[in-house]
Structure formats: C-alpha cells, structure tokens
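Trainee: Could we go through this model together, moving from the chain as a whole to its individual elements?

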Amino acid sequence: MTRSNRHDKSTLEESLFLADDQSSAASNQALAQAELPQTLPILPLRGLVVYPQTAVPLNVGQPRSIRLLESTSQQSGLIGLCAGHDRDRAVPSKDEIYRIGTVAAVHRQLRRKDGTIRMLVNGLNRFRIKSFISTEPFLVAEIEPLPEDESINTQTEAMARNLVDMFMRLAEFVPSIPGDLLISSLKVEHPLQLVYTIGTYLQLDLNDAQQFLEFNSAAEKLAWLVRYIGKETEIMEMGQRIRSEAFGQMEQAQREYFLREQLKAIQRELGEADEREVEARTFQAKIEAAAMPLEARQEAERELKRLTKLPVAAAEYGVVRTYLEWLVNLPWNISSTDNLDLGHARTVLDEDHHGLEEVKERIVEFLAVRRLREERPVETAVSSYRPDRLGAILCFLGPPGVGKTSLGRSIARAMGREFARISLGGMRDEAEIRGHRRTYIGALPGRIIQVLRRCKSKNPVIILDEIDKLGADFRGDPAAALLEVLDPEQNCDFTDHYLDVSFDLSAIIFITTANTLDSIPRPLQDRMEVIRLAGYTEREKVAIAQNYLVPRQIRENGLLPEEVQLDTAVLSQIIRDYTREAGVRELERQIGRVCRKVATAVAQEPFATSALHRQIVAETLTSYLGPVRFQADAVQRTSIPGVATGLAWTSTGGHILFIEAAKMPGQKGLTITGQLGNVMQESAQAALTYVRAKANLLGVASDFFEKHDIHIHIPAGAIPKDGPSAGITIATALASLLTKRPVCNEVGMTGEITLRGQVMPVGGIKEKVLAAHRAGLHILVLPEQNEPDLAELPNEIKEELSFILVSTMDEVLKAALCTD
C-alpha cells in the first residue's frame with residue numbers, strides 16, 4: 001500500500017512534476033482519450049485519493065505493490081489507484097478498498113537503498129471495479145469507465161473564477177502550498193481540471209476526498225469546493241485573529257513586566273520602597289490595628305506572606321489581596337456604645353410608634369438587664385458563661401403594615417446602635433448566608449459579614465426581613481444556615497465559608513419579621529423569641545395617622561401643614577369605608593391620594609397670595625377617594641336563617657367569613673363549596689353530625705334528613721380556606737337553617753366543635769377580635785378556654801365589644817340565634 005503527503009513535496013518531486021508536465025503532456029492526453037483496458041492491476045492507497053488530470057508522487061514499500069509495479073512496467077504502464085477504507089491498514093484486502101478509483105500512468109520511478117520505490121503518477125480517468133479477477137501476487141480487477149459530465153455554462157464559469165479567488169486566499173494561510181507552483185497549476189481553463197488541481201492541494205479527510213471523487217459532474221465538484229473552502233477560510237481567519245490577540249496580550253504582559261522591573265530599579269536608586277513592600281507594610285499595620293482574634297490574625301499573616309511571594313501579574317494575587325482587605329476591614333473589636341438610659345429609649349420608641357406596648361417593654365427590659373450587668377458584675381464558676389453575650393434574637397410576627405421593619409430601626413436609634421436590613425424573601429442559596437468558598441470565581445462573604453463591614457460595628461441591629469418566605473433548592477437551604485446565625489450558643493463562633501475563620505455574632509441584636517410561623521422550620525422557631533403584632537384598632541389607626549402618616553404625606557407631596565387638614569371624623573371614615581386591613585399601609589395610601597388632589601388644586605393657583613386652606617370634611621370625601629369601597633354588610637347577610645358570621649385568621653391579619661347553609665329536596669346528601677381545605681371539610685362533617693344528633697332538641701322532623709340535601713358554602717370561592725376554627729360557626733348556620741331562626745346580626749364567633757358538642761379553643765384570638773371590631777360586630781362568642789387571650793386586647797376593644805365565653809354548642813346556639 002502507498003502513502004503520500006501532498007503539501008510536503010521534495011525538490012526532486014517538484015522537478016519530476018514539472019519535467020513530466022512539460023515533456024509528456026501530449027502523451028498523457030493521448031492516454032486519457034484512449035480506450036481503457038478491461039482489466040487493471042489495482043494499487044491500494046493509504047489515506048490518499050488520486051484524482052484524474054493530476055500528478056502525485058507516491059512511495060511504494062509493500063512487496064505486493066512492488067511486484068505490481070515491476071509487472072506494469074513490462075506491460076501497458078497503466079494501474080488502478082483505489083483508496084483503502086482504513087488508513088492504518090497496511091495490506092487491505094479486496095473488500096477493504098473503495099470501488100471507484102482513478103486510472104493512472106506511471107512516469108518516473110526511483111528505487112531507494114531501503115528497497116522502496118519513489119514514483120510519479122499521472123491521474124487519467126475515473127473507473128469502477130466490477131469484480132476482482134485475482135488477488136495474488138497482487139490485486140487485478142475487471143473495470144468499467146466512469147465518465148464525468150464536463151458540460152460548461154455561465155454559472156459553471158462564474159463558480160470556477162470564484163473558486164480560484166477563494167483558493168488563493170486560503171493559500172495565504174497555508175504556507176505548505178508553494179506559491180509559484182500554485183500559480184502555474186491554476187492556469188487551466190477547463191473547470192474539471194481546475195477542481196481536481198485544487199482538490200489535490202487541499203488536505204481533505206479520506207471520506208471527503210472519496211466523496212469528492214465520486215461526484216459525477218464538474219458543477220457538483222465546483223459547488224462542493226466553494227462551500228468547503230469558504231468554511232476553511234473562515235476557520236483560518238478566526239484562528240489568525242485568536243493568535244493575534246494572544247500575541248498582543250503576551251506582548252502587553254511582557255511590556256508591563258519590563259516596566260515594573262525598570263520601576264523597581266529606579267526606586268532602588270532613589271532609595272524608595274517597592275510598591276509590593278509598601279502594600280505589605282500597609283496590610284501588616286492594618287492587621288495589628290484590627291485587633292483580630294488569634295485564629296484570624298494567624299490566617300491573615302499567613303495570607304500576607306503568600307501575597308509578598310506572588311508576582312503582581314499572577315491571578316492569585318488579586319484573590320489573596322481581596323481576602324486580606326475583607327479581613328482587615330471587618331469590625332473585629334469595634335462596637336457601638338449602647339445608650340442604657342431607659343427613659344430615653346422609651347421616649348424614642350414612643351416618638352416613632354404608637355401602641356405596641358409589648359415590644360417596647362421587651363426592649364426596655366433588655367436595656368435594664370444590660371445596665372444591671374454592667375453595674376453588678378456576675379461572679380460564676382460556670383465555664384460556659386459569657387458576659388460579653390450582649391445580643392438578642394427576636395421575631396416580630398404579624399400581618400403586613402403593622403410596623404415590624406420600622407420598629408427595628410427605632411430600636412437601633414433608641415440604643416444608639418447601627419442599623420442594617422437583609423431581605424430573606426425568595427432567598428434560595430445557602431451561600432447568601434454562609435458565603436462562597438474562595439475556590440470559586442467571584443466568591444464573596446455571606447450577607448451577614450457584608451452587613452458588618454458596611455456598619456463598621458460588631459453589635460448592630462440587623463433586621464432579617466420576611467424569614468417565612470425563605471426558599472430552598474439544589475444550592476442548599478438558607479433556613480438551615482440560619483440555625484447557626486440565630487443560635488446564641490453557636491453564633492459566637494460563626495464561620496463564613498469565604499473568611500474560613502470564626503467571627504463573633506453574639507453581640508448583634510437580630511430581629512426577624514414574618515407574617516406566619518407555618519412556613520418557618522420548627523428548629524428555627526425554637527431559636528427566636530416570638531413577639532406578636534396583631535394589628536391596630538380604629539382609635540390607634542387614627543392616632544397613627546394624625547401623628548405620623550398625615551404629616552409625612554403632607555411633606556412628601558410638597559404641601560404646607562395649613563393647606564390641608566384631616567380631623568378625627570374624616571380619618572375614621574377613611575378607615576371604615578376605604579380600608580380593611582390590620583396595618584396602616586392602605587390607610588397611608590388613601591391619605592396620600594387626598595394630599596395629591598389638594599396639591600393639584602394648589603399648583604393650579606400659582607398667583608394665590610396666601611396659602612390655600614382646605615378643611616377636608618366627611619361629606620366631600622367621595623370627591624377625593626371615590627365611592628365607598630367597604631360596607632358593613634353583616635346585618636344584611638345574616639337577616640335570613642342559615643347564615644352565620646365566623647372569624648378567621650390569615651397571614652395578613654384577621655377576617656370575617658359568612659358561612660351559608662341551604663336545604664333542598666334529596667336524600668341525605670352534603671355538598672361543601674368555597675374551596676375549603678381538608679380540616680374545614682372535616683369540621684363541616686362534624687357540625688352536621690352534631691346537628692343531626694340534636695335534631696329532636698332543635699325541633700327538626702325525624703325524617704327531615706331522609707328527604708333533604710344540605711349545601712354548605714363559604715363565599716369568595718377563589719380564595720383557599722382552611723383551619724380548625726370554623727366548627728361552631730358551621731353548626732350554628734345549620735341550626736339556624738333547620739330551626740328557621742336567623743343568627744343575630746351583631747354576633748360573630750370562632751371555635752372548633754366535637755361530636756359531643758364541646759367547644760375547643762383556637763388561636764389568633766386578638767387578630768380575630770380586631771377584625772370583628774373593624775367589621776362592626778358587637779358580640780363575640782369565644783371558647784371558654786381562650787379567656788386568657790382576652791388579657792392581650794386593648795381596653796377600648798374590651799369596652800366596645802361584649803364577649804360570651806362558651807364550652808358547649810348549646811351555649812353557642814343560645815347566644816347566637818335570635819329569639820322569636
């Protein structure tokens with residue numbers, strides 16, 4: 001089998017090619033036009049395809065191939081050249097070569113000392129092997145000519161010219177193609193000879209070269225070469241651009257290195273310190289001034305030694321330098337001095353927030369304990385006692401708009417500490433808390449360490465907002481990372497993945513906020529002191545609006561205090577008719593709407609000589625805020641039997657629910673609608689069972705349930721509802737339906753029921769009572785075991801509402817159903 005490299009021709013081969021091209025062109029043309037013999041010896045080629053109308057040097061070393069050449073020289077001088085399937089196969093069999101090849105004439109042979117033959121062959125025409133006649137001493141096959149379509153048209157000539165230009169451009173990127181030889185070779189007029197000449201110089205893969213040979217027309221070969229050379233040229237140009245950019249970067253790096261070395265030499269001559277030495281001394285001074293713990297100091301000094309040994313251009317240099325900057329800029333031993341004046345703290349808290357006595361008392365208690373601990377040092381033999389644990393971990397739980405986040409800012413102001421806020425809503429990556437390891441590109445410490453660096457104090461007040469809305473995915477669970485941050489027994493040695501040294505968080509006051517505890521993991525709840533903010537009464541909202549919201553909206557809308565006045569009656573009407581919330585956010589938005597309309601009126605009178613005075617009255621409130629949005633409809637909706645008013649708790653505060661019951665002819669069926677959860681559906685089943693068991697006492701016919709179906713519905717069906725507090729309300733609605741006695745329109749109720757008619761306690765009493773007060777109810781039926789929860793209610797609520805404590809359903813029905 002023979003091998004050849006078209007692009008690495010020796011001088012001898014080139015001279016042979018030129019000599020043969022000049023002296024035997026006529027004979028080649030005659031051979032090409034002559035009729036081919038019916039049989040030909042077949043010379044297999046390794047990784048090479050020879051095309052017609054081209055001259056190619058070959059090396060022959062296999063004994064079988066040498067015998068073929070010796071036999072051919074004694075006969076016609078024509079051989080068949082076919083490529084083998086596997087280029088690594090030295091002696092392919094007849095089944096391992098392609099069936100289409102090229103008839104070639106052997107013109108020059110040169111036998112070398114090692115026994116191999118160097119020869120020059122000229123491709124003449126294509127042929128196809130019909131069958132093999134013999135395989136020994138070499139392959140001999142019966143062949144048939146395979147003529148090609150050599151027709152020429154305008155399109156073919158255009159492609160040929162374009163192909164020459166493209167190939168000349170490609171040759172600029174391939175130095176192995178000789179330029180002078182290339183120019184002389186491309187001076188051909190026939191397209192078929194042109195494509196074969198160019199194909200010879202291209203380094204085609206074996207499969208591509210064989211496919212190219214098997215194309216049956218010059219047009220096909222031209223189109224294929226145009227596509228192939230276009231792709232190769234684009235790749236070559238891109239590679240050249242990449243090399244140019246790489247060389248440019250290398251030259252820039254070498255230039256910078258040379259300039260740095262010159263700068264060092266100049267600094268040595270002037271007696272000045274080296275830039276790296278100056279930076280190292282600066283870091284060393286900062287390390288000493290930072291008063292780090294021993295572990296952190298040792299790590300910082302170790303990294304500083306690495307920094308001094310690294311070249312400035314090294315990629316690791318910037319990573320180490322950034323790490324040292326984080327270490328030296330953290331407040332390892334910098335604390336804000338707490339203002340322990342209890343009177344001052346109470347004054348500040350009262351200035352910023354109305355009500356919220358429980359929270360204010362807790363902060364005052366914290367300051368009082370701090371003050372006593374400083375005045376009276378504690379003596380103890382317990383080794384785990386830490387007198388420097390000066391922080392706290394609180395959780396403000398309540399609906400939106402009750403002032404949870406702003407309360408944390410007031411606490412920081414009252415104590416004289418720095419304040420920072422971290423939003424946890426939607427956080428899914430554990431690295432947001434613990435930081436990224438320094439092995440990652442763009443690694444940073446966690447949010448806790450970042451906040452401490454910005455605050456420049458180790459004992460700030462940090463608000464962790466929306467802790468109930470944490471997420472989790474493949475990157476980890478942030479809630480699990482917070483277990484260490486919010487644990488007083490662990491956060492004194494908190495280790496951030498980026499710093500990889502311990503930092504004491506025990507002096508920080510952590511305040512988390514949440515709307516509900518249901519989505520917070522139990523271990524995390526256990527680490528926090530939960531303080532509930534149920535919401536505000538109408539009187540408290542009026543006071544908040546007068547003291548905080550109205551002045552702020554007047555200021556934000558560019559008004560003067562005398563230009564708009566909102567008295568108590570107007571604020572109360574806005575609260576009742578335009579808001580229905582536990583907090584005051586919507587109230588502030590409605591006040592802002594009034595102020596904007598007043599500001600528009602003032603701006604439209606630019607020539608007024610005095611400030612425009614506007615007293616907003618209740619009669620004109622609709623012109624500012626539009627029609628009334630909320631109305632007290634408890635009286636209307638409970639005027640017919642089968643409707644009861646229940647109290648519910650949600651993450652946005654308390655709400656009232658109207659539970660409706662209806663009967664229809666049927667057979668003991670029960671339908672429950674309103675998108676109720678499993679717990680409420682079970683409460684409805686229990687309520688119906690109780691009512692059926694007490695049918696005789698309620699005056700219901702014994703065969704009533706045999707002939708009727710019951711339908712229980714809770715309106716607002718698009719809102720999911722669930723919870724264990726609707727049992728007595730559903731039972732009351734059913735009893736009202738069956739006895740045809742309506743429920744008193746001023747009565748609201750909450751509580752769970754058992755099959756025996758016992759009333760069980762429920763949660764969220766304060767939120768539910770505030771919702772009933774907002775809705776205009778006056779009588780509330782509550783479980784007797786919830787009596788301790790009434791102590792948390794404001795005095796004004798206790799004065800305006802009547803509470804009926806019950807332990808059985810008989811008491812509930814007696815209090816709720818109207819008498820004839």
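The questions and answers below concern a predicted model.

Trainee: What percentage of the residues in the chain is buried?
Mentor: The chain is divided into 30 helices and 25 strands. Among its contacts between residues at least 6 apart in sequence, 75% join residues at least 24 apart. Of the 820 residues in the chain, the buried share is 47%.

Trainee: Which strands stand at the edges of the open sheet of five strands?
Mentor: The strands of this open sheet pair in parallel and follow the order S9-S10-S13-S8-S14. A strand with a single partner is left with one side that has no neighbour in the sheet, and therefore the edges are formed by S9 (419-423) and S14 (529-532).

Trainee: By what angle are neighbouring strands of the sheet S9-S10-S13-S8-S14 turned against each other on average?
Mentor: The order S9-S10-S13-S8-S14 sets which strands are neighbours in this sheet. With direction ignored, the average turn between neighbouring strands is 25°.

Trainee: Which residue stands opposite Val-461 in S13, and which strands does helix H16 touch?
Mentor: Strand S10 (residues 461-465) runs parallel to strand S13 (residues 509-514), and four bridges join the two. In this pairing, the residue of S13 opposite Val-461 is Ile-509. Helix H16 (residues 447-455) packs on the sheet with its direction at about 155° to that of S9, and the strands that it touches are S9, S10 and S13.

Trainee: Which residues touch the most other members of the largest nonpolar core, and which helix gives the largest share of that core?
Mentor: Among the 55 residues of this core, the ones that touch the most other members are Ile-467, Leu-482, Leu-486 and Phe-510. The largest share of the core is seven residues, and these come from helix H11 (residues 315-329).

Trainee: With which residues is Leu-482 in contact, leaving aside its neighbours within four places in sequence?
Mentor: Leu-482 is one of the core residues that touch the most other members. Once the neighbours within four places in sequence are set aside, the contacts of Leu-482 are Leu-424, Ile-433, Leu-464, Ile-467, Leu-470 and Leu-524.

Trainee: How many residues does the other core, with Tyr-536 among them, hold?
Mentor: This core lies apart from the largest one, and its members include Val-542, Leu-559 and Val-598 as well as Tyr-536. Its number of residues is 51.

Trainee: Is the ring pair of Tyr-196 and Phe-212 stacked or edge-to-face?
Mentor: This structure holds nine aromatic pairs. The ring centres of Tyr-196 and Phe-212 lie 6.1 Å apart, and because their planes stand at 80°, the pair is edge-to-face.

Trainee: Which helices hold Tyr-196 and Phe-212, and are the two residues buried or exposed?
Mentor: Tyr-196 belongs to H6 (residues 191-201) and Phe-212 to H7 (residues 206-214), so the ring pair ties together parts that are 16 residues apart in sequence. Tyr-196 has 0% relative accessibility, and Phe-212 likewise has 0%. The helices are thus H6 and H7, while Tyr-196 counts as buried and Phe-212 counts as buried.

Trainee: Which residue has its charged end over the ring of Phe-212?
Mentor: Phe-212 takes part in a cluster in which ring pairs link it with Tyr-51, Tyr-196, Phe-215, Trp-224 and Tyr-228. The charged end over its ring sits 5.9 Å from the centre and belongs to Lys-221.

Trainee: How many residues of helix H20 are buried?
Mentor: Helix H20 (residues 568-578) is largely enclosed by the rest of the structure. The cover over its buried residues includes helix H19 (538-556), strand S15 (565-566), helix H21 (585-603), strand S16 (615-616) and helix H22 (621-625). Among the buried residues of H20 are Val-570, Leu-571 and Asp-577, and of its eleven residues the number buried is eight.

Trainee: What are the bridge partners of Leu-81, given the pairings of S4 with S2 and S5?
Mentor: In strand S4 (residues 78-83), six of six residues are buried, with Leu-78, Gly-80 and Cys-82 on one side and Ile-79, Leu-81 and Ala-83 on the other. S4 pairs over four bridges with strand S2 (residues 39-45) in the parallel sense, and over four bridges with strand S5 (residues 100-111) in the antiparallel sense. The partner of Leu-81 in the first of these pairings is Leu-43, and its partner in S5 is Thr-102.

Methods:
Residues are numbered from 1 along each chain as its sequence is written. This is a predicted model: local features need pLDDT of at least 70, side-chain atom pairs count only at pLDDT 80 or more; totals for chains, interfaces and linings use all residues. Side-chain values use heavy atoms; hydrogens and water are left out. Two strands pair if DSSP finds at least two bridges between them. Axes are lines fitted to C-alpha atoms, for helices over the stretch in contact, and angles run from 0 to 180 degrees between N-to-C directions. Contact means heavy atoms within 4.5 Å. Rings of Phe, Tyr and Trp (its six-membered ring) pair if their centres lie within 6.5 Å; planes under 30 degrees apart count as stacked, over 60 as edge-to-face and the rest as tilted. Buried means under 20% relative accessible area, exposed over 50%, partly exposed in between (1.4 Å probe, protein chains only). A charge sits over a ring if NZ of Lys or CZ of Arg is within 6 Å of the ring centre and within 35 degrees of the ring normal. A nonpolar core is a set of buried Ala, Val, Leu, Ile, Met, Phe, Trp, Tyr and Cys residues joined through side-chain atoms within 4.5 Å.
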